[in-house]
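Biologist: Hi! Could you walk me through this one before I head back to the bench?

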Amino acid sequence: MTRTHRFLLLAAVPLLAAAAASAAPKPDLWPRWEAHAPESTATVNHEAWETFLSKYLVTGHPSGVNRVGYADVSAEDKAALDRYVASLGATPVSKLSRPEQLAYWINFYNALTVKVILDHHPVESIRDIKSGWFSPGPWELKLATVEREALTLNDIEHRILRPIFGDNRVHYAVNCASIGCPNLQPEAFTAENTEELLERGAREYINHPRGARMEGEKLIASSIYDWFQVDFGGSEEGVLRHLRRYAEGELAGALRNFGGKVSYGYDW
């Protein structure tokens with residue numbers, strides 16, 4: 001192979017990675033997870049996850065972005081997180097009610113994301129953890145087994161949460177460990193508090209500059225609304241309707257009759 005060919009091959013790697021990162025998965029129902037027990041009163045204990053968050057999630061940062069203190073996590077608390085994840089994997093989720101399942105899958109996704117970073121710590125970015133040669137991150141790694149099915153983060157988000165629950169606010173609940181992502185909430189989701197946390201997450205994100213902001217006459221919105229536009233009405237107007245629902249203050253005023261250009265961006 002010539003020096004020129006080697007250069008072209010190496011130059012193609014970041015281009016392919018960027019293309020993979022921008023190709024957001026569509027909702028793709030995995031019917032196996034539609035099973036649920038409407039009359040079930042069984043609950044899942046998320047106390048271990050709540051304890052972890054209380055110790056290591058830094059809220060109130062001047063940036064407005066919640067952060068996990070990965071470097072501070074003790075070996076004991078890392079082991080406790082591992083046990084929590086294992087307990088979720090051992091849970092017969094098909095025998096839970098829909099509200100209990102929603103909280104379960106959100107907490108599972110977030111705990112697995114934190115765990116995979118801790119398992120590879122230190123890393124500059126979650127995208128440095130690869131599931132394949134050209135992968136944009138760890139989202140296709142088989143990280144857990146539930147009811148004898150191996151699952152990836154993409155399975156949980158795009159094959160379970162999005163198609164089964166049909167609530168675009170789930171994008172404010174699952175955290176991908178980046179600055180551009182909606183905040184990891186400081187408490188575990190439960191069947192009782194999920195509605196409150198989804199509403200809080202939407203309002204916090206949209207009214208933070210990384211969610212939506214005006215720059216002159218132009219609206220800069222998170223790439224989440226571009227990647228997953230299908231979940232927000234399938235059009236830019238649908239995205240704008242969603243943003244108007246939660247926008248406050250000056251942003252609400254600017255969006256009221258907005259008909260200009262929308263640009264998208266995201267900070268990994």
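**Fold, surface and cysteines**

Modeller: Happy to. Keep in mind that this is a predicted model. Among contacts between residues at least 6 apart in sequence, 68% join residues at least 24 apart.

Biologist: Okay, and how many helices and strands are there in the chain?

Modeller: The chain has nine helices and seven strands.

Biologist: What are the spans of the C-alpha trace along its principal axes?

Modeller: They are about 60 × 50 × 40 Å. The radius of gyration is 19 Å, which agrees with the value near 18 Å for a compact globule of 268 residues.

Biologist: What share of the residues counts as buried?

Modeller: That would be 46% of the 268 residues. As for the surface, the chain exposes about 13300 Å², and carbon and sulfur atoms supply 53% of that area.

Biologist: Switching to charges: how far apart are the mean positions of the positive and negative ones?

Modeller: They lie 6 Å apart, taken over 28 positive and 34 negative charges.

Biologist: Now the cysteines. How many disulfides turn up in the whole structure?

Modeller: Zero, from a search of the whole structure.

Biologist: Then why is there no bond from C176 to its closest cysteine sulfur?

Modeller: The closest one is in C181, and at 3.3 Å that sulfur is too far from the sulfur of C176 for a bond, because a disulfide needs the two sulfur atoms within 2.5 Å.

Biologist: And is C176 buried or exposed?

Modeller: C176 counts as buried, at 10% relative accessibility. C181 counts as buried too, with 3%; the cut-off for buried is under 20%.

How values were computed: Residues numbered from 1 in each chain as written. Predicted model: local features only at pLDDT ≥ 70, side-chain atom pairs only at ≥ 80, totals over all residues. Heavy atoms only, no water. Helix = DSSP H or I, 4+ residues; strand = E, 2+ residues; numbered from the N terminus. Rg over C-alpha atoms; globule rule 2.2 N^0.38 Å. Buried < 20%, exposed > 50% of the residue type's maximum accessible area, 1.4 Å probe, protein only. Contact = heavy atoms within 4.5 Å. Areas by Shrake-Rupley, 256 points an atom, 1.4 Å probe, with all protein chains shown as cover. Lys, Arg positive; Asp, Glu negative; His and termini not counted. Charge placed at Lys NZ, Arg CZ, Asp CG, Glu CD.
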